[in-house]
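Welcome, and thanks for taking a look at this one with me. Here are some notes to read alongside the structure, written for someone meeting it for the first time.

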Amino acid sequence: HGSTALQGQQAPRMSDYGFDAEVVEPILKQALDEVLKQESYADARVPAFVDEICAKAMEGLADLGLPIKFVVSCTVMQSNGSGLNSHANMHSDARSDGCVMVKWPEKRNREAAASHMCCIVTAAGFAV
């Protein structure tokens with residue numbers, strides 16, 4: 001597997017080794033695009049999509065080389081007009097820990113919307 005960290009860019013430094021959503025969010029978006037961009041919803045493929053998204057996201061987060069433990073979760077569902085609501089909450093140190101949730105596809109991405117699937121990936125980070 002290739003590196004999932006932002007290609008062509010030096011690994012960003014998180015201030016005081018704390019969780020930085022502005023660094024984490026692009027890594028999650030890249031993992032989602034790499035896995036789902038050319039795909040359409042298929043029940044049989046969903047477990048592989050989830051595994052690959054989580055693996056790519058975790059690889060990109062680990063490539064940051066920071067003293068943070070990450071947890072990544074992913075939900076993929078068929079987009080058939082029903083709603084999908086998700087919320088993550090955690091008890092942690094707001095100065096060093098955090099959580100980011102990314103929805104795919106973004107509303108403005110009509111090409112990806114034609115895939116007939118919706119995905120939410122969440123990454124939580126805890127400084128060690």
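1. Let's begin at I53. Leaving aside its neighbours within four places in sequence, this residue is in contact with A31, L32, V35, L36, C74, V76, C119 and V121. Please keep in mind as you read on that the model is predicted.

2. Which residues touch the most other members of the largest nonpolar core? They are L36 and I53, in a core of 30 residues. Helices α1 and α2 and strands β1, β2 and β3 each supply at least two residues of this core. The most comes from α1, which gives eight residues.

3. Stepping back, the chain has three helices and three strands. Followed along the sequence, they come in the pattern α-α-β-β-α-β. The chain holds 128 residues, of which 38% are buried. Among contacts with a separation of 6 or more, 71% are between residues 24 or more positions apart.

4. Now for the helix pair. Helix α1 spans residues 21-36 and helix α2 spans residues 46-62. The two pack at an angle of about 145°, and their axes are 9 Å apart. The crossing of α1 past α2 is right-handed.

5. Which residues make this helix contact? From α1 come V24, I27, L28, A31, L32, E34, V35 and L36. They meet F49, E52, I53, K56, A57, G60 and L61 in α2. Sorted by class, the contact of α1 with α2 has eleven nonpolar residues, one polar residue and three charged residues. I53 turns up here as well as in the core, where this residue and L36 touch the most other members.

6. On to the sheet. Three strands form an open sheet in the order β1-β3-β2, with antiparallel pairing. Why do β1 and β2 each have one side without a neighbour in the sheet? Both stand at the edges with a single partner strand each, so one side of each is left without a neighbour there. Direction ignored, neighbouring strands of this sheet are turned by 10° against each other on average.

7. The strand pairings can be followed residue by residue. Strand β1 (residues 68-78) pairs with β3 over eleven bridges, in the antiparallel sense. One bridge matches Q78 with M117 in β3, and another has I120 in β3 as the partner of T75. Strand β2 (residues 98-104) is also antiparallel to β3, and seven bridges join them. Here M101 stands opposite T122 in β3.

8. Is β3 mostly covered or mostly uncovered? This strand, residues 117-127, is mostly covered, with nine of its eleven residues buried. Its place in the sheet order is between β1 and β2.

9. Finally, let's put helices and sheet together. The sheet has the strand order β1-β3-β2, and β1 and β2 stand at its edges. Helix α1 packs on this sheet and touches β1, β2 and β3, and its direction makes about 30° with that of β2. Helix α2 lies across β1 and β3 and runs at about 155° to β1. For a tour of your own, try starting again from I53 and finding its contacts, including A31, C74 and C119.

Conventions: Residues are numbered from 1 along each chain as its sequence is written. This is a predicted model: local features need pLDDT of at least 70, side-chain atom pairs count only at pLDDT 80 or more; totals for chains, interfaces and linings use all residues. Side-chain values use heavy atoms; hydrogens and water are left out. Axes are lines fitted to C-alpha atoms, for helices over the stretch in contact, and angles run from 0 to 180 degrees between N-to-C directions. Helices (H or I, at least four residues) and strands (E, at least two) are DSSP runs, numbered from the N terminus. A crossing is left-handed if the near helix is turned anticlockwise from the far one by less than a right angle, and right-handed if clockwise. Contact means heavy atoms within 4.5 Å. Ala, Val, Leu, Ile, Met, Phe, Trp, Tyr, Cys and Pro count as nonpolar, Asp, Glu, Lys and Arg as charged, and the others, Gly among them, as polar. Buried means under 20% relative accessible area, exposed over 50%, partly exposed in between (1.4 Å probe, protein chains only). Two strands pair if DSSP finds at least two bridges between them. A nonpolar core is a set of buried Ala, Val, Leu, Ile, Met, Phe, Trp, Tyr and Cys residues joined through side-chain atoms within 4.5 Å.
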